Structures are given as structure tokens and as C-alpha cells.
Amino acid sequence: MEGRINLNAPFTGRTTDTTEQYTEDVVITRQKVYRRATGTHGPWQEFPASAAKGGIPTDRLPQYVRLMLGHSASVHQDSEPMRVSARLTPKDIESVDRAVGRNLRPATTIDADAWIDNEGRVVRVRQKIHFASDPDIEATITFTDFRNATPVDVPAAS
């Protein structure tokens with residue numbers, strides 16, 4: 001994922017999401033998420049805003065780190081930035097963010113890492129999501145360029 005996300009305001013933003021299978025443009029507004037394949041000019045697919053949450057509670061990162069610390073987290077202070085690691089369940093994460101916890105319900109456990117810079121900001125989160133019968137999924141999000149909120153509007157129809 002690359003782009004700009006507003007975290008300390010309503011969760012909104014514009015990103016380009018890339019996986020092994022596809023690359024798509026994403027616009028997140030307060031009410032909806034809009035997605036379409038990068039480079040195309042067709043209609044945007046619309047989803048409820050909760051679909052943008054995925055498996056990382058990006059707009060509740062301080063609470064997420066506190067959750068990790070409350071679940072026997074390992075704190076690696078010898079690294080810069082400092083890293084906090086814990087094993088969580090979807091139910092644990094649901095206590096911080098109901099939508100994210102629901103999105104993770106098929107998982108058995110989540111190995112979570114969060115890196116915190118000298119200013120106390122979470123600058124990176126990595127999760128390895130484990131399932132009973134499916135392969136693991138690893139997701140990483142890195143935050144840079146902390147600036148003022150960026151305006152986000154519904155994308156124009158093409």
C-alpha cells in the first residue's frame with residue numbers, strides 16, 4: 001500500500017494497493033471505499049467504509065500497542081525504532097476495533113509487531129495472520145511523512 005491516509009481525523013485517504021495478483025487504486029471516504037484496477041477508467045467498485053479497515057486497526061494504533069503490551073508483549077528497546085511484539089487473537093483485536101476484529105475472525109492467532117519512534121508515533125506495523133487450514137498471511141504497513149490531514153473526495157466517475 002502506498003499513498004496518504006488520515007489517521008488522526010476520520011479515517012480517509014488515497015492509496016495504491018499492490019499484491020501478487022493485482023494493483024488497484026483505492027479512495028477511502030467517511031462513508032465508502034472506492035476501488036478499481038490501476039490504469040483503468042471503468043466504474044469504481046463501492047464498499048462500506050468498514051471494508052477499508054482490513055486487519056490492522058490503523059486509526060487506533062496507540063490503543064493497539066497498549067493491547068499488545070497487555071498481552072505479554074516483548075519490548076525490543078535495543079532497536080531503533082523500538083519494537084513491541086505480541087501474539088493476539090481476533091477477539092483481542094476486536095476489543096480495540098470491532099470492524100478489524102470481525103475482519104480477522106477466520107484467523108486463529110495474529111503475531112503482531114509495532115515499531116514506535118522517538119516521538120511516540122507508531123511508524124510500522126506487521127502482522128502474521130495464522131489460520132487453521134489456510135496459508136498464513138503477512139501484512140505490513142509503514143507510516144512516513146507525518147503532515148497535516150489531506151482532503152479526500154469521492155472519485156469522479158469515468
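Let me start with one pair of residues: Arg4 stands opposite Arg14 in β2, where a strand is a DSSP run of E with at least two residues, a helix is a run of H or I with at least four, and both are numbered from the N terminus. Before going further, I should say that this is a predicted model, in which local features need pLDDT of at least 70 and side-chain atom pairs count only at pLDDT 80 or more, while totals for chains, interfaces and linings use all residues. Residues are numbered from 1 along each chain as its sequence is written, and side-chain values use heavy atoms, with hydrogens and water left out.

Back to that pair, then. Strand β1, residues 2–6, and strand β2, residues 12–18, run antiparallel and are joined by five bridges, and two strands are said to pair if DSSP finds at least two bridges between them. The connection from β1 to β2 is a hairpin of five residues. A second hairpin, through four residues, leads from β2 to β3, and these two strands pair in the antiparallel sense over six bridges, with Thr23 in β3 as the bridge partner of Thr18.

Now to the open sheet, whose five strands have the order β6-β7-β8-β9-β10 with antiparallel pairing. Because β6 (74–76) and β10 (137–142) stand at the edges, each with a single partner strand, one side of each is left without a neighbour in the sheet. Neighbouring strands here are turned by 15° against each other on average, direction ignored, with axes taken as lines fitted to C-alpha atoms, for helices over the stretch in contact, and angles running from 0 to 180 degrees between N-to-C directions. Within this sheet, β8 and β9 run antiparallel and are joined by eight bridges, and Trp115 stands opposite Arg124 in β9. Helix α1 packs on the sheet, touching β6, β7, β8 and β9, and its direction makes about 70° with that of β7; contact means heavy atoms within 4.5 Å.

What lies in the largest nonpolar core, and which members touch the most others? The core has 30 residues, and Leu61, Tyr64, Met68, Leu88, Ile93, Val122 and Val125 touch the most other members. Such a core is a set of buried Ala, Val, Leu, Ile, Met, Phe, Trp, Tyr and Cys residues joined through side-chain atoms within 4.5 Å, buried being under 20% relative accessible area, exposed over 50% and partly exposed in between, with a 1.4 Å probe and protein chains only. At least two residues of this core come from each of β3 (23–28), α1 (61–69), β7 (82–88), β8 (109–116) and β9 (122–130), and α1 gives the most, with five.
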